[in-house]
Amino acid sequence: MTLRLSAVILPVHRWHEGGRERWQRAEELGFHTAYTYDHLSWRSFRDRTWFGAFPTLTAAATATSRLRLGTLVTSVKPCSPIAA
């Protein structure tokens with residue numbers, strides 16, 4: 001039996017200020033999958049920037065090669081890609 005570990009990385013860090021390194025580190029540590037949330041905010045981060053899940057996962061896909069990516073929660077909310 002193979003044990004596969006996953007991680008949750010909150011989308012609160014700008015890509016050039018540690019965001020990229022968090023996803024790359026998850027891959028280096030051998031995590032099978034890394035998830036992020038698609039929420040409007042998180043209670044303890046309500047006064048900070050909260051980035052969108054899908055742009056975050058797109059950026060993570062460019063920075064990693066083996067790590068599987070996904071949303072832990074995907075919100076059903078009206079979101080225009082033009083207005084975002």
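The following exchange examines how several descriptions of this predicted model are justified.

Reader: What makes up the protein chain, and in what order do its elements run?

Author: The protein chain holds two helices and three strands. Starting at the N terminus, the order is β-α-β-α-β. Of its 84 residues, 30% count as buried. Among contacts between residues at least 6 apart in sequence, 74% join residues at least 24 apart.

Reader: Why is Thr56 called buried?

Author: Thr56 has a relative accessibility of 11%, and buried means under 20%; therefore Thr56 counts as buried. This residue belongs to helix H2. Beyond its neighbours within four places in sequence, Thr56 is in contact with Pro11, Trp23 and Phe51.

Reader: Why is Phe31 described as partly exposed?

Author: The relative accessible area of Phe31 is 27%. Buried would require a value under 20%, and exposed a value over 50%. The value for Phe31 meets neither condition, so the residue is partly exposed. Phe31 is situated in the loop between H1 and E2. In the same region, Gly30, just after H1, takes a positive phi of about 90°.

Reader: Which residues does Phe31 contact when its neighbours within four places in sequence are left aside?

Author: These contacts are Leu5, Ser6, Ala7, Ala26 and Leu67. In the case of Leu5, 26 residues away along the chain, the C-alpha atoms are separated by 5.3 Å.

Reader: How do you know that the buried residues of H2 line one face of the helix?

Author: The residues concerned are Ala53, Thr56, Leu57, Ala59, Ala60 and Ala63. Viewed down the axis of H2, they fall within an arc of 160°, so they line one face. On the other side of H2, Pro55, Thr58 and Thr62 are exposed. The buried residues pack against H1, strand E2 (33–38) and strand E3 (68–74).

Reader: What supports the corresponding statement for H1?

Author: In H1 the buried residues are Gly19, Trp23, Ala26 and Glu27. Down the helix axis these lie within an arc of 100°, so they too line one face. Their cover includes E2, H2 and E3.

Reader: What makes a set of residues the largest nonpolar core here?

Author: The term requires buried nonpolar residues joined through side-chain atoms within 4.5 Å. The largest such set has seven members: Ile9, Trp23, Ala26, Ala34, Leu57, Ala60 and Leu67. H1 and H2 each supply at least two of them. In soluble globular proteins, nonpolar side chains tend to be buried together.

Reader: Which residues does Trp23 contact beyond its neighbours within four places in sequence?

Author: Among them are the core members Ile9, Ala34, Leu57, Ala60 and Leu67. Trp23 is also in contact with Trp15, Tyr35, Thr36, Thr56, Thr64 and Leu69.

Reader: What lines the second largest pocket, and how much space lies in it?

Author: About 170 Å³ of space lies in this pocket. Its lining comprises 15 residues, and those nearest the centre are Pro11, His13, Trp15, Phe51 and Thr56. The elements giving two or more residues to the lining are helix H1 (19–28) and helix H2 (53–63).

Reader: How many residues of each class does the lining of that pocket have?

Author: The lining has nine nonpolar, four polar and two charged residues. Of the residues nearest the centre, Pro11, Trp15 and Phe51 are of types that count as nonpolar.

Definitions and conventions: Residues are numbered from 1 along each chain as its sequence is written. This is a predicted model: local features need pLDDT of at least 70, side-chain atom pairs count only at pLDDT 80 or more; totals for chains, interfaces and linings use all residues. Side-chain values use heavy atoms; hydrogens and water are left out. On a 1 Å grid over the protein atoms alone, a cavity is a set of points where a 1.4 Å probe fits but cannot get out, and a pocket is an open set with protein on both sides within 12 Å along at least five of seven lines; lining residues have an atom within 4 Å of a point. Grid points are joined across faces, edges and corners, and a volume is the space filled by probe spheres set on the points. Helices (H or I, at least four residues) and strands (E, at least two) are DSSP runs, numbered from the N terminus. Buried means under 20% relative accessible area, exposed over 50%, partly exposed in between (1.4 Å probe, protein chains only). The arc is that of the directions from the helix axis to the C-beta atoms. Contact means heavy atoms within 4.5 Å.
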